[in-house]
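The exercises below concern charged side chains, their partners and their exposure to solvent. Work through each task with the sequence and the model at hand before reading its solution.

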Amino acid sequence: MTQIVTLSFFRFAGPLARAWALTMMGGARWPLSRTPDIGFWKLCGSGTGEGFTPVPNTAVYAILATWPDIATAKARTTSGVFATYMRRAAEHWTVFLEPQTARGQWSGKEPFHPGPATTLGPLAALTRATIKPRILARFWGRVPNISAMIGKDTNVMFKIGIGEVPMLHQVTFSIWPSEAAMAGFARTGPHAEAIRAVRDEGWFSEELYARFAVHSDAGRWNGISPLARSEAA
């Protein structure tokens, strides 16, 4: 069976809904841990603007989870605590991913198990890092340039910055129509310079890099499916 990774995003409108979502960063841990068939999972907040900032966006939260197969993933992400989030959210979207490559660790674990995923459709990239405290100023000093660059890239279909702990734990997630488009961003400009600095100066105490084939999605984000651009191409 091919492992499926899901990223579920929820947007909350109004102070009461946002306050509820914030409390669920602690309150959802027990029901998530009791969800049948769930493997690795993480609750994440998001950043403002393009998402790649240390300033929290109190409207948007995410749940990452791994599942044994696509049927299980689709069933579990519409029930239990996921359904509770959906009822409270003004908008929600889940993307279903098949791991292609993964290296590194997340909280001391290797959560993604690459398999023979297809490469015919869009690709997603996820990076997760624990930033060394002494590097924080240099790291966040580079992020605005990277954020501006990805925001102007007409190829990117979806992008967001999320994390478990503001400033210290950073996750970047993006979806691209092809491997060429993804590589063009990763290997040029501020992003490439930051990658060189990471390697030369040892910015992270833990890091993980993963690439996925996009299997499918459910729901809407900003009123549409972010994958619609690929379907229209």
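**Exercise 1.** Determine whether Arg 211 is buried, partly exposed or exposed, then identify its salt-bridge partner and the network that other salt bridges form.

Solution. Arg 211 has a relative accessibility of 21% and therefore counts as partly exposed, where buried means under 20% relative accessible area, exposed over 50%, and partly exposed in between (1.4 Å probe, protein chains only). Elsewhere, salt bridges with shared partners join Lys 42, Arg 128, Glu 164 and Glu 206 into one network; a salt bridge here is a side-chain nitrogen of Lys or Arg within 4 Å of a carboxyl oxygen of Asp or Glu. The partner of Arg 211 is Glu 179, with the closest N and O atoms 3.0 Å apart. Because Glu 179 lies in helix H6 (residues 179-186) and Arg 211 in strand E8, the pair ties together parts that are 32 residues apart in sequence; helices (H or I, at least four residues) and strands (E, at least two) are DSSP runs, numbered from the N terminus. Glu 179 is likewise partly exposed, at 46% relative accessibility.

The model is predicted, so local features need pLDDT of at least 70 and side-chain atom pairs count only at pLDDT 80 or more, whereas totals for chains, interfaces and linings use all residues. Residues are numbered from 1 along each chain as its sequence is written, and side-chain values use heavy atoms, with hydrogens and water left out.

**Exercise 2.** Describe the salt bridge between Arg 128 and Glu 206, and classify both residues by accessibility.

Solution. The two side chains meet at 2.6 Å, N to O. This pair links distant parts of the chain, with Arg 128 in strand E5 (residues 123-131) and Glu 206 in strand E8 (residues 204-219), 78 residues apart. Arg 128 is buried, with a relative accessible area of 2%, and Glu 206 is buried as well, at 17%.

**Exercise 3.** Locate the partners Asp 37 and Arg 76 along the chain, and then examine the loop residue Thr 35.

Solution. The structure holds six salt bridges, and one of them joins the side chains of Asp 37 and Arg 76 at 2.6 Å, N to O. Asp 37 sits in the loop between helix H2 (29-33) and strand E2 (41-47), while Arg 76 belongs to helix H3 (residues 70-76), 39 residues apart. Asp 37 is partly exposed at 41%, as is Arg 76 at 26%. Thr 35 lies in the loop between H2 and E2 and is buried, with a relative accessible area of 13%. Leaving aside neighbours within four places in sequence, Thr 35 is in contact with Trp 67 and Val 81, contact meaning heavy atoms within 4.5 Å.
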